[in-house]
Amino acid sequence: PTRTAQRGSAIETTTAPRRRPRRPAGEKPPPDEPPPTRMPCCAPLLALAVLATAAVGLCARDGQLAEALAPGGAPRGLLERAYVCSYVVDATVPHLADAFTQGLTIANGTLYESDGLYGHSQVRSVDRMSGWTIASTRMKHHHFAEGIEVVGNKLVQLTWKASVVLEYSLPDLRLLREVPVSIGREGWGLASDGRTLYVTDSGSALYHVNPDTYEVEKRLTIHDPRLRGVGKDGTPTTGRDIFGVNELEWVDGELWGNVYPMYQGTASECVARINAATGEVIGWVDFRGLLARQREEVRRSPHNYVLNGIAYDERTRQLLVTGKKWDKMYEVRLQPRPDLEPTHIEKHCSLGHPSGQRVG
């Protein structure tokens with residue numbers, strides 16, 4: 001993806017002020033000549049500060065001006081919000097190559113990961129610099145690990161088809177209990193804003209779940225009103241439902257989700273930014289290019305070893321992304337792309353059939 005956003009085709013030029021000719025020593029200025037203008041000593045620093053503030057920002061809701069999130073610890077700035085963002089990689093760190101990443105989250109500075117596959121599923125805490133496992137707990141062979149979230153003093157984990165939630169103590173990840181749940185047809189993504197759990201189930205549904213009882217309080221549809229859809233009768237519509245929203249993360253007031261339309265026979269390298277209160281998609285992050293950096297085994301199976309894993313550290317404003325069986329994790333900084341339209345998402349993000357029709 002393009003790493004810098006071009007602000008337009010026009011090139012702004014300025015003309016430097018003409019220098020006043022040097023006067024011989026001792027000669028007095030003419031009476032009508034204005035006194036020389038002196039630049040305050042702090043002006044260069046102020047100019048640099050203004051430029052730095054203007055350069056910082058992150059995409060957010062369309063058409064608004066707001067304090068912009070700047071992952072990577074940069075200060076915030078005001079920036080017109082964009083529907084599409086690209087990215088810049090600020091750092092690359094190791095990631096366990098055998099980890100089939102299904103959930104990723106950061107709590108109190110510690111990175112936690114949920115790794116899937118039957119017989120190999122586990123939850124673990126990870127050293128963010130080396131990628132080494134600090135502590136881990138293996139799951140039962142009939143449990144397939146899915147999304148995770150830290151809720152209070154425990155870690156909560158979804159399972160794919162077992163209809164149970166697992167709770168672990170922190171920081172040792174000791175299994176506390178298994179709780180039968182009835183949230184959706186499957187367990188996929190999990191995140192929280194500190195009050196509500198947000199859950200996806202492979203379709204277009206977004207569930208609001210009580211973190212104490214795991215009862216569903218609300219069911220919404222994840223929908224992008226800017227994209228073209230297809231009605232039940234096959235006629236084109238304005239707006240489409242988004243299927244297969246997978247690993248979730250709460251990022252500065254927004255719900256972000258990897259998109260994996262597995263049942264529609266495709267895989268996406270894009271992340272949806274969702275208004276959790278309504279289910280409306282308010283923007284996208286195009287992470288194309290990260291998969292191409294992986295080893296050959298991963299590149300040969302792009303529908304299996306997909307981009308899946310977002311972790312955001314609220315304290316340092318670092319944003320980490322990785323994928324299933326990737327041997328690298330990336331600290332990224334986003335770049336707004338106001339030049340890109342919804343057609344860019346339709347063309348490049350592999351969202352599957354607009355009707356959500358299943359394949360096979």
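Is Leu227 buried or exposed, and what is its relative accessible area? That is the opening exercise.

**Ground rules**

This is a predicted model, in which local features need pLDDT of at least 70, side-chain atom pairs count only at pLDDT 80 or more, and totals for chains, interfaces and linings use all residues. Residues are numbered from 1 along each chain as its sequence is written, and side-chain values use heavy atoms, with hydrogens and water left out.

**Exercise 1. Place Leu227 and describe its surroundings.**

Step 1. Find the element. Leu227 lies in strand E16, residues 223-230. Helices (H or I, at least four residues) and strands (E, at least two) are DSSP runs, numbered from the N terminus.

Step 2. Check the cover. The relative accessible area of Leu227 is 0%, so Leu227 is buried. Buried means under 20% relative accessible area, exposed means over 50%, and partly exposed lies in between (1.4 Å probe, protein chains only).

Step 3. List contacts, meaning heavy atoms within 4.5 Å. Residues up to four places away in sequence are not counted. Leu227 touches several residues, including Tyr83, Trp284, Ile345 and Glu346.

Step 4. Look along the chain. Glu341 is 114 residues apart from Leu227, yet their C-alpha atoms are separated by 9.7 Å.

**Exercise 2. Do the same for Leu319.**

Step 1. Leu319 sits in strand E23, residues 318-323.

Step 2. Leu319 counts as buried because its relative accessible area is 0%.

Step 3. Its C-alpha atom and that of Asp90 are separated by 9.9 Å, with their positions 229 residues apart along the chain.

**Exercise 3. Work through the salt bridges.**

Step 1. Start with the idea. Side chains of opposite charge can pair when their charged atoms come close. A salt bridge here is a side-chain nitrogen of Lys or Arg within 4 Å of a carboxyl oxygen of Asp or Glu.

Step 2. Take the total. The whole structure holds 15 salt bridges.

Step 3. Examine Arg228 and Glu346. Their side chains form a salt bridge at 2.6 Å, N to O. Arg228 belongs to strand E16 and Glu346 to helix H3, so this pair ties together parts 118 residues apart in sequence. Arg228 is exposed at 57%. Glu346 is partly exposed at 24%.

Step 4. Examine Arg195 and Asp193. Their closest N and O atoms are 3.2 Å apart. Arg195 is exposed, with 61% relative accessibility, whereas Asp193 is buried at 17%.

Step 5. Examine Glu297 and Arg295. This salt bridge spans 3.4 Å, N to O. Glu297 is partly exposed at 34%, and Arg295 is partly exposed at 23%.

Step 6. Look for shared partners. Glu113, Asp115 and Arg124 are joined into one network by such salt bridges.

**Exercise 4. Which backbone features are unusual?**

Step 1. Recall the rule. Most residues other than glycine have a negative phi, and most peptide bonds are trans.

Step 2. Check Ser202. Its phi is positive, about 95 degrees, although Ser202 is not a glycine. Ser202 is in the loop between E13 and strand E14 (205-209). With 3% relative accessible area, Ser202 is buried.

Step 3. Check Ser350. Its phi is also positive, near 50 degrees. Ser350 lies in the segment after H3. At 33%, Ser350 is partly exposed.

Step 4. Check the peptide bond from Leu170 to Pro171. This bond is cis, with omega near 5 degrees. Pro171 falls in the loop between strand E10 (164-169) and strand E11 (175-180).

**Exercise 5. Where is Thr196, and what does Thr196 touch?**

Step 1. Thr196 is in the loop between strand E12 (190-192) and strand E13 (197-200).

Step 2. Its relative accessibility is 14%, so Thr196 counts as buried.

Step 3. Leaving out residues up to four places away in sequence, Thr196 touches Ala191, His208 and Val209.

**Exercise 6. Which residues form a positive surface patch?**

Step 1. Lys161, Arg185, Arg219 and Arg358 form the patch. Patches use residues with over 30% relative accessible area and no salt bridge; like charges are joined within 9 Å, and nonpolar side chains (Val, Leu, Ile, Met, Phe, Trp, Tyr) within 5 Å. Lys and Arg count as positive.

Step 2. Locate one member. Arg358 is in the segment after helix H3 (342-348).

Step 3. Arg358 counts as partly exposed because its relative accessibility is 40%.

Definitions and conventions: Accessible areas come from the Shrake-Rupley method with a 1.4 Å probe; for residues, only the protein chains shown count as cover. The place of a charge is taken as NZ of Lys, CZ of Arg, CG of Asp or CD of Glu.
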